[in-house]
Structure formats: C-alpha cells, structure tokens
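Dear colleague,

I am handing over the structure below, together with an account of what was found in it. Please have it open beside this message while you read.

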Amino acid sequence: MLLERIYDEDLAQASYFIGCQAKGEAIVVDPRRDLDVYIELAAKNGMTITGVTETHIHADYLSGTRELAARTGATMFVSDEGGPDWTYGAGFDSAVRMKHGHRITLGNITVEAVHTPGHTPEHLSFLVTDGAQSDEPGFMLTGDFVFVGDLGRPDLLDEAAGGVDTRFAGAEDLFASLRDRFLTLPDYVQVLPAHGAGSACGKALGSVPSTTVGYERNFSWWGKYLRNDDKRGFVEELLSGQPDAHAYFGRMKVQNKLGPAVIGAAPELTEYSVTELAAALANDTVIFVDTRNHDEVHTGTVERSLNVPGTQKAASYGAWVYNPDVETRPLVLLAADRDEAATLRDHLVRVGIDSVTGFITSLAGLELVTPETVAPSELAGHDHVALLDVRNKTEYADGHIPGAAQLSGGRLLWNLAELPEKGAGTIVTYCQSGVRNSVAASALRREGYKVAELDGSYLAWNAISGNQPAVGQLPSSAAA
C-alpha cells in the first residue's frame, strides 16, 4: 500500500493519496482544486486514480473532488449521511452516495466509511485496511473529526452557514462519535487528520502530522471528559475560546454542497506591459494585487490595490480581500515571473477565486501612492474616528489597545456596517505585527475608507514603556 499525505501550508489542509501497488489503482481523499500534485504522484508510481472522495462538506477551502473526477474519470464517493439538509447537490448526481459501513476496495486495500458527525452532520471518517498486511484497519483518516491534540469545531455551521445554535447539538454528536466510533478502535490505529496547526477548523491543532487513537485517548484535553462520561463539561470546554470563522467559509459551504465549478485546464496568463496595465487600471477593468510584504508596500503601491503578501498564505489572505460572489473584475498579480504567477493562481483557486488573468513583473513606470501609517508613539494624538483591531477575538481578549474595537480581517468585507460611515474620518487599524493589518487595510481602502495603519501594530505599541493593554472582550462594532 502507498499512503501519501499532501499538505497545503497555506490553508493548513491535508489530502491523502491511497494506492494499491499490486493493482495500480488509487483513491484521493479531500483533494484541493489544483490537481498536478495528485496527477504527478499517480504517474510517478504507475497508478491510475480510479476514485476520489471527501470526508465532509468543507468550509475552509473549495473541494477538488469534481475537478479530479472530471480530469481522470475517477468515480466520486460522497457522504449520504446527516439527513436531507446535508445531502450533496446536483453537481454530485453521478457520485456514489455512502452510508456508514460503505466499503471502497482497491486491490488488497479497503477504505471503509465511518459516520462521525459533530463537526458537520454528514461527516465521514475512513478506516483503511492494508489486506496484504492485516485483516484489521491500521489507519483512520479523520477529516475534521479528530485532529492532533484537538477536535473539529462544531460551531462553524452557526458561524459560516447560517445555522442557529447548531453548535450544541454538534458538540453532543461529537461526544457520541468519540465514544462510539473512535474510542472503540485499538490504540495502535494511526490517525491522519485533514488539518494541522494554523487551521481555523479548531482552536488548538497540533503541528505534528499524525497521532494514534491511544495517544489521543490518554493525552488529549477531551480524554478526561470521555473517561468520566462528562458530556456537559466536554461541551463547555469544546465551545469556549474558538477563533473567529472567516466569512468566506459560508461561500465555501454553499459551493461545496452544490458542487464546485469545474475549471479544467488553466489558460495561459497574460503578461501586462506598464502601458497596458495603466490603461486597464484607469478604466477600472482589472484589480491589481500587490504581492509584496507590508514593509515594501508602505514604500509605495498602486492606488486601490489589494495586498496579498506572497504565495505562502495567498489563498487565506486572498479570500479576505476578494469576494467572487460580488466582484467579477479579473485580477492582475505582481509576480517575479510566469511561474510564480501560476503558483499564486493555484493558491487562489483553492478558495474559489478563479479570476486571475494576468501578471506584471515590476511596478516601475506605474503611478504609486504611499499608504498612510501612524507611529505608535503618536497614536494618542492622532485624529481618528475609530481604532480597529483586525486580529482574532481570542487575541483581542488576551490584550488589546484600550478603546479598540475588534473585527477580524477575515470578516471585514462582510461586516462593513460595523464600521463608521465612509467619509466620517480616518480609521486606524492594527494586527499583531503588521502583516494581516496591511491585507485588511488594503481591502478597506479599496472600499473607499480612509485608513491609517498603526506602524508595527500591537507589538510595537505594547513595547512602549507605560502603555497598558486592556484585556477581555469589548463591543465588537467599530462604530459603537
């Protein structure tokens, strides 16, 4: 058996390639939409991808299940658990619908669906048995059910999918799934989750790629609650301190349930000349994305450009500042060359941003503006109508600048009503060190707000002798 973990550092997301070397067949679990990594892995090992599946209807990225099936002819397998509200839509009409216990066979390998609701009602985990070695499963692909050191949060349906108090039933379902599905397995079963540290699908995910049933049973935060059959204590701790859910998660839920658009082969990107890009910007027919870090952006950037710094977090930050549900103008990227532009595009399609059409390799010759900043030492005397903390609410609660409101960068564009009206004055924004702040500020400036970024953000302000952070939650509205 070949079992490969394909990890996306950008979204802290793992997909898995499981192949039978004897039969030359493979299945991919939880694929992303840019497919080359799976195609190349199959070719390298002389395998054909005959199946593709996913653990649940994802919220944090756009599924590549339909994309991979369209490209390879693989059979799609999706959950048929969770009830009618969580049934996959018409885009999956050709898929095999799986109930608990459904088995997919690849030569000597068996992949068995296990219904593990809690994070979502339809959630499946997959027990993998390598029949050439054993008659018993040795691996469990847990999706967003069990992570290393944590569990999938059950509140995302409330936070991102329009649910009302579904978190409580979800938390109780998660308790039952642990008790009845997970903890009944032998301690040696290896656990392969769909996310790692940095994902917003839990609050304390570990950075180790895998764990075991026995390790989580004995050392996880939740183990004591299961041992004591303390459902109430489990629910309270699980639901407390969860980070902000990015607003784009709602779009992912809808598209992943109905069936993401199949984009096919990516067209060649257009390399813009300075004259061509200047004309397109003057006509407001394209949106420019400055991919430099915030220190470079502060030396001068294209007016009303969006800041998405580098490839490392392009999907994450791109989904903060560009909403394809309401914005259709194509994106032109600043990139060192065509290959880097293509890599950036690959990251953006993972969150359903399919509108990258071109790139330019330099800002030389373009008209630039300098984003407004304010030094931490001058903040007290600065004339502004609001001070906005764009970090997560958990960071805000741990310590923030007195008088600041909180609205995380991943929720800004969807909650502009919480800000002072455009034209009311300057909004001063900050994050922890300045990276997220530059991203968020670029989105606000494009929307027409006057923004001054706090230079060095919270860390710089907190380093000034005599400054005393406030702690705990305050009203989130910057207009309050």
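**Strands, pockets and helices**

Strands β2 and β3 form a hairpin with four residues between them, and in its turn G24 has a positive phi of about 75°. Before going further, please keep in mind that this is a predicted model.

The two strands of that hairpin pair in the antiparallel sense over five bridges, with β3 covering residues 25-29, and within this pairing G19 stands opposite A26 in β3. On its other hairpin, β2 is joined to β1, again with four residues between the strands, and here A12 in the turn has a positive phi of about 50°. Seven bridges join β1 to β2, which run antiparallel, and Y7 is the residue that stands opposite A14 in β2.

Strand β2 itself, residues 13-20, deserves a careful look, because eight of its eight residues are buried, so the strand is largely enclosed by the rest of the structure. Both of its faces are covered, since Q13, S15, F17 and G19 on one side are all buried, as are A14, Y16, I18 and C20 on the other.

These strands belong to an open sheet of six, in the order β1-β2-β3-β4-β5-β6, and the pairing within it is mixed. Its edge strands are β1 (2-8) and β6 (96-98), each of which pairs on one side only, and the twist averages 25° from one strand to the next. Towards the β6 edge, β5 (residues 75-79) pairs with β6 in the parallel sense over three bridges, and S79 stands opposite M98 in β6.

Turning to the open spaces, the largest pocket holds about 560 Å³. It is lined by 23 residues, of which I263, G264, A265, A266 and D346 lie nearest its centre. At least two lining residues come from each of α1 (36-44), α2 (65-72), α12 (338-349) and β20 (356-360), and α12 gives the most, with four residues. By class, this lining has 11 nonpolar, two polar and 10 charged residues.

The second largest pocket has a volume of about 480 Å³, and 27 residues line it, the closest to its centre being G198, S199, A200, H246 and K313. Helices α8 (248-258) and α11 (314-321) each supply at least two residues of this lining, with the largest share, three residues, coming from α11. By class, the lining of the second largest pocket has 11 nonpolar, nine polar and seven charged residues.

As for closed spaces, the count comes to one cavity of 30 Å³ or more, and about 30 Å³ of space lies in it. V289, T291, V308, A314, L333, L344 and L348 line this cavity, and these residues divide into six nonpolar, one polar and no charged.

Two helices remain to be described. In α8, which contributes to the lining of the second largest pocket, the buried residues are Y248, F249, G250, R251, M252, K253 and N256, and just after this helix G259 takes a positive phi of about 125°. Helix α4 (residues 166-182) has 17 residues and reaches 22 Å from its first C-alpha to its last, close to the 24 Å expected at 1.5 Å a residue. The buried residues of α4 are G170, A171, L174, F175, S177, L178 and F182.

With kind regards

Notes
Residues numbered from 1 in each chain as written. Predicted model: local features only at pLDDT ≥ 70, side-chain atom pairs only at ≥ 80, totals over all residues. Heavy atoms only, no water. 1 Å grid on protein atoms, 1.4 Å probe; cavity = no way out; pocket = protein on both sides within 12 Å on 5 of 7 lines; lining within 4 Å. Points joined across faces, edges and corners; volume = space filled by probe spheres on them. Nonpolar A, V, L, I, M, F, W, Y, C, P; charged D, E, K, R; others polar. Expected span 1.5 Å × (residues − 1). Buried < 20%, exposed > 50% of the residue type's maximum accessible area, 1.4 Å probe, protein only. Pairing = 2+ DSSP bridges. Axes fitted to C-alpha atoms, helices over the stretch in contact; angles between N-to-C directions.
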